[in-house]
Amino acid sequence: MVLKFFAIIALMVMALTITGNAQDKFTLSGYVRDAENGEELIGVTLFISELNKGAVTNVYGFYSLTLAPGTYTLTLRYIGFKTKQVKMDVTANLSYNFDMISELIAMKEVVVFAEAVDANVSDVSMSKVDLNIGQIKKLPALLGEPDLLKTIQMLPGVISAGEGTSAYFVRGGSSDQNLILIDEAPIYDPSHLFGFLSIFNSDAIKGSELYKGGIPAKYGGRLSSILDVRTKDGNNKKFSGSFGIGSIASRMLIEGPLRKDRSSFLVSARRSYVDVFLALANNNNRVYFYDINAKINWKGQNNNRFFVTVYSGRDAFILDQDFGFDWGNTTATIRWNHLFNEKLFSNTSLIVSNFDYGLELTDPVLGFLWTSTIQEFSFKEDLTYYVSPDNELNFGYHLSYHKFLPGKITPNASSSIFSTVELEKLFALDHAFYLENQRKLSNKLLIRYGVRLSVFQNVGASTIYTYEDPKDNINIRITEAITYGTLEKIISYVNLEPRVSIRYNTGKHASVKLSYNRMVQNVHLISSGTVPLPFNTWYPSYPYLKPQIADQIAGGYFRNFRNNNYEFSVEGYYKWLNNVTDFADNADIFFNPNLSTEFRQGISRSYGLELLLKKNTGFLTGFASYTYSKAERQIEGVNDGNVFVANYDRRNAFNVLGTYEFNRKWTFGFGFTYGTGRPITLATGKYGVNGYVPDFITERNGFRLPDYHRMDLSATLTSKKNKDRKWKSSWVFSIYNVYNRKNIFTIFTRQPQDDNGDPSGEPGAKEFVAVYLFPVLPSVNYNIRF
């Protein structure tokens with residue numbers, strides 16, 4: 001199958017090459033870079049006025065233009081940089097790199113956006129957001145730490161799980177249906193401090209893209225969204241760095257050339273210091289997190305470029321040396337960019353990702369250690385063939401090997417009542433082939449269409465049990481146990497994923513866009529709560545879990561105003577999902593060796609309307625968004641088989657984020673968020689059984705928490721950089737939850753208590769208790785750049 005696929009691709013490329021040569025055309029190609037630090041720029045528009053055509057640099061900063069012989073005026077545009085115009089004589093194939101110079105906007109340091117000036121209208125992509133890390137740093141933030149995921153939670157079509165979490169839900173999908181990548185490596189849990197902060201250090205981020213729909217064929221593996229985060233390559237012009245001290249953590253970054261203009265490095269680190277203060281107070285508890293980003297790259301001629309990226313992050317909670325838990329992600333990516341010729345660009349990647357967690361109790365009788373791990377080893381080959389400025393072909397092959405170690409309990413004391421128990425290890429091979437063509441059919445009509453072939457194989461070594469009734473989780477009867485050898489196929493799932501996006505210009509500054517995509521997901525998060533915790537477990541598709549499949553259609557109107565300073569869009573979508581995973585009512589999911597009998601799969605649907613108004617330049621920048629959405633599920637064995645709303649169904653969400661440049665020194669940030677309260681399952685009564693009084697629940701997610709709203713403010717004081725001082729400093733003052741709103745995080749039931757916390761009331765009586773997280777929280781950060 002693999003050989004046939006690449007044979008077809010090779011024949012297509014050969015045919016296109018012959019056609020191009022027959023027309024006696026030449027190719028101008030190369031990279032576009034930031035003149036100050038040598039970083040490649042993503043999404044720069046290169047426009048040829050004589051042909052009214054152009055190109056856009058890819059995610060690696062590369063462009064390719066195939067033209068007839070002649071002299072052309074080439075105009076390069078990118079928000080935050082001076083427009084560059086050059087005359088080019090095209091008489092042969094030519095490799096040429098452009099450097100672009102930053103400009104000052106509103107008398108201050110430039111704020112760079114990773115997109116073309118008119119991308120909102122001209123790009124074929126819809127349901128896609130490029131996030132500006134420069135602006136995120138100036139926004140008010142929880143505990144003063146700028147956070148990429150907290151900003152994502154305020155975008156249209158994105159719903160937050162609640163206060164103080166990194167989990168987000170996109171267009172009716174659950175949190176595990178979001179693929180999060182850092183330099184192409186998957187992240188299985190993006191949280192620090194149980195979600196109060198995310199793993200992304202803002203100092204190290206170069207750019208990020210969020211796809212909610214119209215997802216390109218190169219991406220797959222999740223149903224709802226793709227978050228593609230790319231870190232900086234490192235300054236190859238000069239040594240520079242930054243240092244920051246915050247209310248909860250400190251961070252540093254150093255970058256510079258190993259060989260000027262050819263090779264560079266970057267190292268950034270962040271660590272919290274709550275444990276330091278606890279130790280000074282003679283407190284035996286330890287609470288901390290850290291993360292490290294490191295990158296080395298070598299850029300020879302345009303034909304070959306090499307990158308090595310490493311990320312490592314971890315959290316630890318140790319309570320008086322008696323109980324502790326920790327979790328963390330580690331990733332590594334080796335990437336090779338190669339030009340076979342002026343038209344054929346290749347990116348080859350080797351990727352490793354590891355997520356693990358552990359819980360330990362050191363009691364001599366009840367002591368145990370619980371560990372769980374998921375590992376992924378991947379090879380990716382992505383190629384782009386630039387047929388002409390109006391025709392681009394993308395194709396490739398991805399292979400991943402997954403190792404799932406769901407859980408292992410071992411006693412950590414000779415007198416412990418626990419014995420060693422290990423859940424069955426699971427393994428899988430995940431193949432993906434894709435082919436996609438982006439074609440400009442006229443000045444008004446642009447189309448991108450393609451297909452992705454997913455081939456997922458659950459393989460050994462493993463033992464699979466056959467149950468008399470796989471849905472009977474009470475009277476479990478195993479009829480057969482089949483053992484499979486290493487890499488022996490247990491079951492295969494093959495799925496086609498068609499994708500299409502269409503853009504039609506209705507005027508110079510407006511367009512209409514349509515998209516359809518099918519997504520397939522073969523990894524499943526085993527969780528029974530709304531908020532994914534670090535010690536949830538992942539499972540692959542196997543005989544008792546089918547792949548989840550989602551189809552989505554979307555359409556929208558996009559318009560820019562006042563020379564592209566303002567962007568407006570309205571989008572509607574409808575998504576239907578099959579084989580969504582849940583648990584049977586009253587499921588036993590804690591270290592259950594027969595967890596297969598608890599799985600339930602069914603259908604889901606969601607639809608919504610999203611509005612976005614965005615201002616990119618000037619003294620005042622930011623966006624306002626509104627989302628109306630609905631998400632429902634129906635699963636046999638859950639909620640008596642009746643339709644129920646998903647626990648992340650929040651009908652209305654309104655968000656405003658912005659910054660105001662008051663003068664050269666002062667920048668003010670503001671944020672406001674409002675959302676309908678999320679659904680929650682609560683007891684509606686009680687009943688007694690032999691003195692035991694359990695809750696009586698009539699409906700899954702039958703109640704809602706009160707509506708959520710909050711306002712945040714910030715002020716940034718930036719010093720001037722002068723000849724005597726080669727560094728620049730800034731103070732960031734933030735106030736989180738300005739008007740001290742008590743937003744309920746969750747509600748639970750307990751036996752009534754008096755003012756002293758002692759039990760009270762009649763036997764079996766219950767009371768509801770609301771949990772609030774954050775009151776008004778001021779914070780201060782101090783940052784230095786040199």
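Buried means under 20% relative accessible area, exposed means over 50%, and partly exposed lies in between, computed with a 1.4 Å probe on protein chains only. The model is predicted, so local features need pLDDT of at least 70 and side-chain atom pairs count only at pLDDT 80 or more, while totals for chains, interfaces and linings use all residues. Residues are numbered from 1 along each chain as its sequence is written, and side-chain values use heavy atoms, with hydrogens and water left out.

**Exercise 1.** Classify K128 and E209 by accessibility, and describe the salt bridge that they form.

Solution. Step 1: K128 has 22% relative accessibility and is therefore partly exposed. Step 2: E209 has a relative accessible area of 11%, so E209 is buried. Step 3: a salt bridge is a side-chain nitrogen of Lys or Arg within 4 Å of a carboxyl oxygen of Asp or Glu. In the pair E209 and K128, the closest N and O atoms are 3.5 Å apart. Step 4: E209 belongs to strand β16 (residues 205-211) and K128 to strand β9 (residues 128-131), so the bridge ties together parts that are 81 residues apart in sequence. Strands here are DSSP runs (E, at least two residues), numbered from the N terminus. Step 5: under the salt-bridge rule, the count comes to 33.

**Exercise 2.** Which parts of the chain does the salt bridge between E610 and R171 tie together?

Solution. Step 1: the closest N and O atoms of E610 and R171 are 2.8 Å apart. Step 2: E610 sits in strand β38 (residues 599-615), whereas R171 sits in the loop between β11 (168-170) and β12 (178-182), so the tied parts are 439 residues apart in sequence. Step 3: E610 is buried at 3% relative accessibility, and R171 is buried at 1%.

**Exercise 3.** Locate the salt bridge between R314 and D326, then name the residues of a salt-bridge network.

Solution. Step 1: the side chains of R314 and D326 meet at 3.1 Å, N to O. Step 2: R314 is in strand β22 (residues 304-319) and D326 in strand β23 (residues 323-339), 12 residues apart. Step 3: D326 is partly exposed, at 26%. Step 4: a network of salt bridges links E39, E40, D183, K206, D233, K295, K299 and R305.

**Exercise 4.** Assign the faces and partners of strand β42 (residues 666-675).

Solution. Step 1: in a regular strand the side chains alternate between the two faces of the sheet. Step 2: the covered face of β42 holds T667, G669, G671, T673 and G675, and the uncovered face holds W666, F668, F670, F672 and Y674. Step 3: two strands pair if DSSP finds at least two bridges between them. Strand β41 (residues 652-661) runs antiparallel to β42 and is joined to it by nine bridges; four residues lie between the two strands of this hairpin. Here V656 stands opposite F672. Step 4: β42 also pairs with strand β47 (residues 708-718), antiparallel, over 10 bridges, and F670 stands opposite L713.

**Exercise 5.** Describe the surroundings of W666 and of N201.

Solution. Step 1: W666, in strand β42, is partly exposed at 28%. Step 2: contact means heavy atoms within 4.5 Å. Neighbours within four places in sequence aside, W666 is in contact with Y660, E661, A715, T716 and L717. Step 3: N201 lies in the loop between β15 (197-198) and β16 and is buried, at 3%. Step 4: with the same exclusion, N201 is in contact with R251, S268, A269, R270, D291 and N293.
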